[in-house]
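The following exercises ask the reader to locate individual residues, to classify their exposure, and to describe the surroundings of a ligand. Each task is followed by a solution in steps.

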Amino acid sequence: MPIDPTQPYDDSNIFARIMRGEIPSTKVYEDEWAFAFEDINPQAAVHTLVVPKGSYVSWDDFSARAPDEEIAGFVRAVGAVARAKGLVEPGYRLLANVGAHGGQEVAHLHVHIFGGQPLGPMIARR
Ligand code: AMP
């Protein structure tokens, strides 16, 4: 079920629980601003999720409310994870789904990093 990105943040979501250590994850990176872990259902050879430590429902919420320092820290963390995974030279793709049309299922902002193989068309053909 897609989430409603206009609803207030609810810290019972699964990614908040992962960051609190209540649910296991395969952690790949952590800094002051962000936490990254492997997607449980990978859609590519590399499929890593990067989430901000702050409480934001979606990219919309984050871009509207987060302080500049937090936005900069998160964006740099996404880049750091991609570099650490060796994805820069072969290339990679970032994705942040928002709401129903985006197919967002977890109500804590997450950026998908896809790589490790040619990724095909930008969106599914209808
Ligand atoms: P989205 O559709 O953009 O909200 O993506 C949610 C992603 O979270 C999907 O790719 C799921 O496979 C992934 N996911 C859901 N639960 C977990 C979990 N416990 N650990 C890692 N990834 C998860």
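**Exercise 1.** Determine where Gly86 is found, and classify Gly86 as buried, partly exposed or exposed.

*Solution.* Step 1: in this predicted model, Gly86 is found in the loop between helix H3 (68–84) and strand S4 (92–95). Step 2: the relative accessible area of Gly86 is 47%. Step 3: buried means under 20% and exposed means over 50%, with partly exposed in between; Gly86 is therefore partly exposed. Step 4: for its place in space, compare Gly86 with Ile123, which is 37 residues away in sequence and 24 Å away from C-alpha to C-alpha.

**Exercise 2.** Locate Pro24 and state whether Pro24 is buried or exposed.

*Solution.* Step 1: Pro24 lies in the loop between H1 and strand S1 (27–30). Step 2: with a relative accessible area of 74%, Pro24 is exposed, since the cut-off for this class is over 50%. Step 3: Pro24 and Phe37 are 13 residues apart along the chain, and their C-alpha atoms are separated by 9.9 Å.

**Exercise 3.** Assign Gly115 to an element and decide whether Gly115 is buried or exposed.

*Solution.* Step 1: Gly115 belongs to strand S5 (residues 111–115). Step 2: its relative accessible area is 0%, so Gly115 is buried. Step 3: the C-alpha atoms of Gly115 and Val75 are 18 Å apart, with the two positions 40 residues apart in sequence numbering.

**Exercise 4.** For Asn13 and Gln104, give the place in the chain, the exposure class and the polar partners of the side chain.

*Solution.* Step 1: Asn13 is in the segment before H1, and a relative accessibility of 9% makes Asn13 buried. Step 2: a polar atom of the Asn13 side chain lies 3.0 Å from the backbone oxygen of Asp10. A polar atom of the Asn13 side chain also lies 2.8 Å from the backbone nitrogen of Ala16. Step 3: Gln104 is placed in the loop between helix H4 (99–102) and S5. Gln104 is buried as well, because its relative accessible area is 1%. Step 4: the side chain of Gln104 reaches the backbone oxygen of Val106 at 2.9 Å.

**Exercise 5.** Describe the shell of residues around the ligand, including its composition by class and the polar contacts made by Asp39, Asn97 and His110.

*Solution.* Step 1: the ligand takes up the space of the largest pocket. Step 2: 17 residues surround the ligand, and Asp39, Asn97, Glu105, His110 and His112 come nearest. Step 3: by class, the shell comprises seven nonpolar, seven polar and three charged residues. Step 4: helix H1 (14–19), strand S2 (34–38) and strand S3 (46–52) each supply at least two shell residues. H1 gives the most, with three. Step 5: a polar side-chain atom of Asp39 lies 2.5 Å from a ligand oxygen atom. For Asn97, an N or O atom of the side chain is 2.8 Å from an oxygen atom of the ligand. A polar side-chain atom of His110 lies 2.8 Å from an oxygen atom of the ligand. Step 6: on its own, the ligand has 510 Å² of accessible area, of which the protein covers 85%.

Notes. Residues numbered from 1 in each chain as written. Predicted model: local features only at pLDDT ≥ 70, side-chain atom pairs only at ≥ 80, totals over all residues. Heavy atoms only, no water. Near = heavy atom within 4 Å. Polar contact = N/O pair within 3.5 Å; in protein donor to acceptor, adjacent residues only side chain to side chain. Areas by Shrake-Rupley, 256 points an atom, 1.4 Å probe, with all protein chains shown as cover. 1 Å grid on protein atoms, 1.4 Å probe; cavity = no way out; pocket = protein on both sides within 12 Å on 5 of 7 lines; lining within 4 Å. Sits in = over half its atoms within 2 Å of the grid points. Helix = DSSP H or I, 4+ residues; strand = E, 2+ residues; numbered from the N terminus. Nonpolar A, V, L, I, M, F, W, Y, C, P; charged D, E, K, R; others polar. Buried < 20%, exposed > 50% of the residue type's maximum accessible area, 1.4 Å probe, protein only.
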